[in-house]
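Colleague: I would like a close look at a single part of this model. Please take one helix and go through its surroundings step by step.

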Amino acid sequence: MFVESDSDSDLEMMSFLSSDSESNDSNRSRNYKQRIDYFSILNSYEFQLRFRLDKSSVQDLLTEIQPSLKVSGSRNYGIPPLHQLLLTLRFYALGTILLSVADFIGVSKASACRIVRDVSSAIAALYNRYIYMHSNTEIDFYAIARFPRVLGTLDGTHIRIQSPCSQIGEEFRNRKGYFSLNIQAVCNANLQFMNVIARWPGSAHDATIFNNSELRAQCESGIFGNKWLLGDSAYPLKPYLLTPLLNPRTRGEQLYNEAHIRTRNTIERCFGVWKRRFPVVALTLRLSLLRAHTVVIATSILHNICRLNNLDDDIASEVEVAISDMEEAMPASNNNEIDMERNMLIEEYFSQ
């Protein structure tokens with residue numbers, strides 16, 4: 001009897017402590033961080049400095065992606081779509097760890113990780129609306145260096161990433177020794193992206209990426225007419241893709257190379273503006289491969305939005321970014337028949 005009574009007493013005590021603990025947990029208030037209304041407290045310059053887009057561009061973008069963003073109910077102190085977008089833009093503008101941008105908006109690190117994933121995916125879904133091959137590019141390109149019938153300029157650039165994993169990591173180590181994604185892009189004379197491919201590892205050569213792209217198939221089919229892409233010597237000479245001469249001899253060949261280089265420089269400038277505006281793609285992307293791909297596409301779309309809205313490219317950056325990933329061009333073999341067509345272009349346009 002004594003043992004049973006003692007056991008019952010212990011059970012009653014445990015039940016009392018448990019109920020008391022549950023009561024304390026239920027009554028404990030959560031400490032939510034204050035979320036600041038940056039639209040109100042920041043002027044136009046300060047807002048663009050922190051988020052890289054101006055207020056009207058952010059509002060327009062929010063209207064486009066809001067149906068894709070999830071918001072928890074007020075019971076869980078849900079994060080509004082505007083704050084989700086501003087957090088993601090802040091991450092792109094700093095390229096730092098997620099905890100720093102989480103504190104900036106007033107959310108947890110886990111929430112910041114989810115928000116960057118969701119907002120980046122929502123922006124990347126706008127690819128076809130903002131990134132496409134333009135049809136009226138020749139006049140603007142001709143005004144640069146009098147190079148005729150240019151469709152766009154083509155090149156690759158490397159985006160640093162952390163090693164994906166030990167099994168496939170070496171595929172992403174490029175010729176300079178660091179892990180990267182090799183991003184192929186085409187731009188117009190206004191430094192707007194017209195095509196972006198972000199899925200290839202850093203070890204892939206530029207010509208390999210182009211030869212396996214949908215863009216090459218479109219050029220082969222002739223849907224762009226008699227226009228040319230301009231690429232460096234890493235690319236093969238094609239009827240629709242012109243490369244510089246490796247050893248120019250005549251004055252016409254020298255003028256061709258000069259015009260080619262000055263015109264093709266637009267893609268290098270485009271990469272530079274993109275990376276300075278969004279340092280997340282200039283520093284090391286410490287994200288999973290899928291999320292890294294999404295961030296690259298999302299920031300290229302945002303770059304085009306900035307160009308379309310004539311936003312200042314030279315606005316001061318809070319992060320020092322060194323753009324020094326220029327690829328060394330590797331000479332490609334030339335087809336004699338296509339080389340003859342290039343010679344005819346030199347004779348017609350540059351030898352006079």
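What follows is a description of one helix and its neighbours.

Modeller: The model is predicted, and the part chosen here is helix 6, residues 98–105. Start with the side chains that are shielded. Leu98, Val101, Ala102 and Ile105 are the buried residues of helix 6. Around the helix axis they span an arc of only 105°, so they sit on the same side of helix 6. The general rule behind such a pattern is that an α-helix has 3.6 residues a turn, so residues three or four places apart point the same way.

Next, the partners. The buried residues of helix 6 pack against helix 2 (38–41), helix 5 (81–94) and helix 7.

Helix 7 can be described further. It covers residues 109–124, and its axis comes within 8 Å of the axis of helix 6, with a crossing angle of roughly 100°. Angles of 65 to 115 degrees count as roughly perpendicular, and helix 6 and helix 7 are therefore roughly perpendicular to each other. On the helix 6 side, the contact is made by Leu98, Leu99 and Ala102; on the helix 7 side, by Lys109, Ala112, Cys113 and Val116. By type, the residues of this contact divide into 6 nonpolar and 1 charged, with no polar residue. Leu98 and Ala102 thus appear both in the list of buried residues and in the contact with helix 7.

Last, the end of the helix. Gly106 follows helix 6, and its phi is positive, near 95°.

Notes: Residues are numbered from 1 along each chain as its sequence is written. This is a predicted model: local features need pLDDT of at least 70, side-chain atom pairs count only at pLDDT 80 or more; totals for chains, interfaces and linings use all residues. Side-chain values use heavy atoms; hydrogens and water are left out. Axes are lines fitted to C-alpha atoms, for helices over the stretch in contact, and angles run from 0 to 180 degrees between N-to-C directions. Helices (H or I, at least four residues) and strands (E, at least two) are DSSP runs, numbered from the N terminus. Angles under 35 degrees count as roughly parallel, over 145 as roughly antiparallel, 65 to 115 as roughly perpendicular and the rest as oblique. Contact means heavy atoms within 4.5 Å. Ala, Val, Leu, Ile, Met, Phe, Trp, Tyr, Cys and Pro count as nonpolar, Asp, Glu, Lys and Arg as charged, and the others, Gly among them, as polar. Buried means under 20% relative accessible area, exposed over 50%, partly exposed in between (1.4 Å probe, protein chains only). The arc is that of the directions from the helix axis to the C-beta atoms.
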